[in-house]
Each structure stands twice: as C-alpha cells, then as structure tokens.
Amino acid sequence: MTAKTMDELVSLCKRRGFVYQSNELYGGLQGLYDYGPLGVELKNNLKRAWWSAMVYDRDDIEGLDASVLTSPAVLQYSGHEDAFTDPLIDCRACNSRWRADHVEKSRCPSCNSKDLTEPRPFNLMFKTNIGPVDDGKSFAYLRPETAQQIFTNFKNVLDSTSRSLPFGIAQIGKAFRNEVTPRNFIFRTREFEQMELEFFVEPGTDEKWHDFWVQNRLKWWTSQGI
Ligand SMILES: [Zn+2]
C-alpha cells in the first residue's frame, strides 16, 4: 500500500512501528520524533552500511565520535554564533546570504537582484548550562552540525594516524537546530542524526575531489534503493 498524502505516511509509520511523535503522551513536542522497533533497525542498518562504505571499505578515511556539547568558542570562531542569531535574508539569484540590516532598498548587495527571501531569524542553536550555577556565563551549545568537531580534531587525527593529504574524517551523530518552523514530518526536525564526511585535499585539487565525491555518493545512495 502506498501512502498518498503526508498524513497517511505519518500514520502508516506510526502503525507499523517506524516513527512516533515524540512526547505524544503529554501533548507532544514539535519537531521531535522517536524511532520505534522497525524504525531503529532501519536507521541502524543505514548507519552501518554508510560506515562500512565510508570508513571500512576505503583506506583514506578515519572515523570520529565527538561530543555533542560544544564550547561557545568553537562556534564563535566557526561563525555560527553570528550567523545563527541574526535575521538573515537569502538572495535567490546568487545564493548569497546577508544580515537583514545589511540589505538596503531590498536589493542584494552582491548582484543587485530583488529576488530576496523574507528576513528569517536564524537563532538556531540550543544552549544548555555547564555546571551547577546558571549564571548565563557557563554554557555549551548542542552542536548544530557534526562538522565543527571534525575540523577541531583535524590535528589530533593527523598526529595519531600519520595521515597525509588527501584523507577524510567521517562521523555519525546527533545534531540540534532550534528550527523556527519544523515541518514536513522527519524532513525538518529539531533533533536529528547526521552522517558526515569532511575530506581534506591539497589546494587546487578541490574541484576534482568534489566531483569524485558527488558521483561516489550519488551512486551509493542509488545502491541503497533510493
Ligand atoms: Zn545576489
């Protein structure tokens, strides 16, 4: 039986034990989902297949499992603190992104197009206290993506594995975004899992490697039946 609408798909997933609305017993929490008996098996199968293809079957990729709680300094230097807290406007013509107060006369500062999105608040990072005192100074972010801890561990991995370029670091783990409007079932959620590879290459070979990985990953996802 094929679900024809999103509502049908959601109720099918619940009936069969794939995905439940999280905290439903107490009214539910928007943008959060629980994976049931079949859902967790499907998800684990996919993660195992991805890890095998990326880490075990290649000799140029190492694995990593970094902490979710992230120092504000990491996300300050990555630019996330700024980029995730201002109202932002996207230019649909050249795909550039601007702080709303930097856009004058509704025109893109880069290409002058008027095809702009509405300003959207990008306050996407969840905060939590570190330690017993809630004084607003001692806190961590729940990482908004898994990539940053790959970058901050680059030298550790390099030193402990005697790697040289090109090589990659792969990680599977949870990430969190305080989406203003979570929607479309599990397609935009506030807590989700990422399977992520950062591949480090010599300057000048990036286009070649990018093409390689686009083809490689497309082929892999197709082989998973998608
Ligand atoms: Zn533009």
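**Salt bridges in a predicted model**

Let me begin with Lys155, which is exposed, having a relative accessible area of 52%, and I should say at once that what we are looking at is a predicted model. The partner of Lys155 is Asp159, and the side chains of these two residues meet in a salt bridge, at 2.8 Å from N to O. Asp159 is exposed too, with a relative accessible area of 53%, and both Lys155 and Asp159 belong to helix 6, residues 154-161, where they sit four residues apart, or about one turn of the helix. Elsewhere, Lys43, Lys47 and Glu193 are joined into one network by salt bridges that share partners.

In general, side chains of opposite charge can pair when their charged atoms come close. In this structure there are 10 salt bridges, and I would like to take you through two further examples.

One of them is between Glu24 and Lys14, whose closest N and O atoms are 3.3 Å apart. This pair links distant parts of the chain, since Glu24 lies in the loop between strand 1 (19-21) and strand 2 (33-35), while Lys14 lies in helix 1 (residues 6-16), 10 residues apart. Glu24 counts as partly exposed because its relative accessibility is 40%, and Lys14, at 41%, likewise counts as partly exposed.

The other joins Asp90 to Arg97, with the closest N and O atoms 2.7 Å apart. So which of these two residues is buried? Asp90 is buried, because its relative accessible area of 14% falls under the 20% cut-off, whereas Arg97, with a relative accessible area of 48%, is partly exposed.

Conventions
Residues numbered from 1 in each chain as written. Predicted model: local features only at pLDDT ≥ 70, side-chain atom pairs only at ≥ 80, totals over all residues. Heavy atoms only, no water. Salt bridge = Lys/Arg side-chain N within 4 Å of Asp/Glu carboxyl O. Helix = DSSP H or I, 4+ residues; strand = E, 2+ residues; numbered from the N terminus. Buried < 20%, exposed > 50% of the residue type's maximum accessible area, 1.4 Å probe, protein only.
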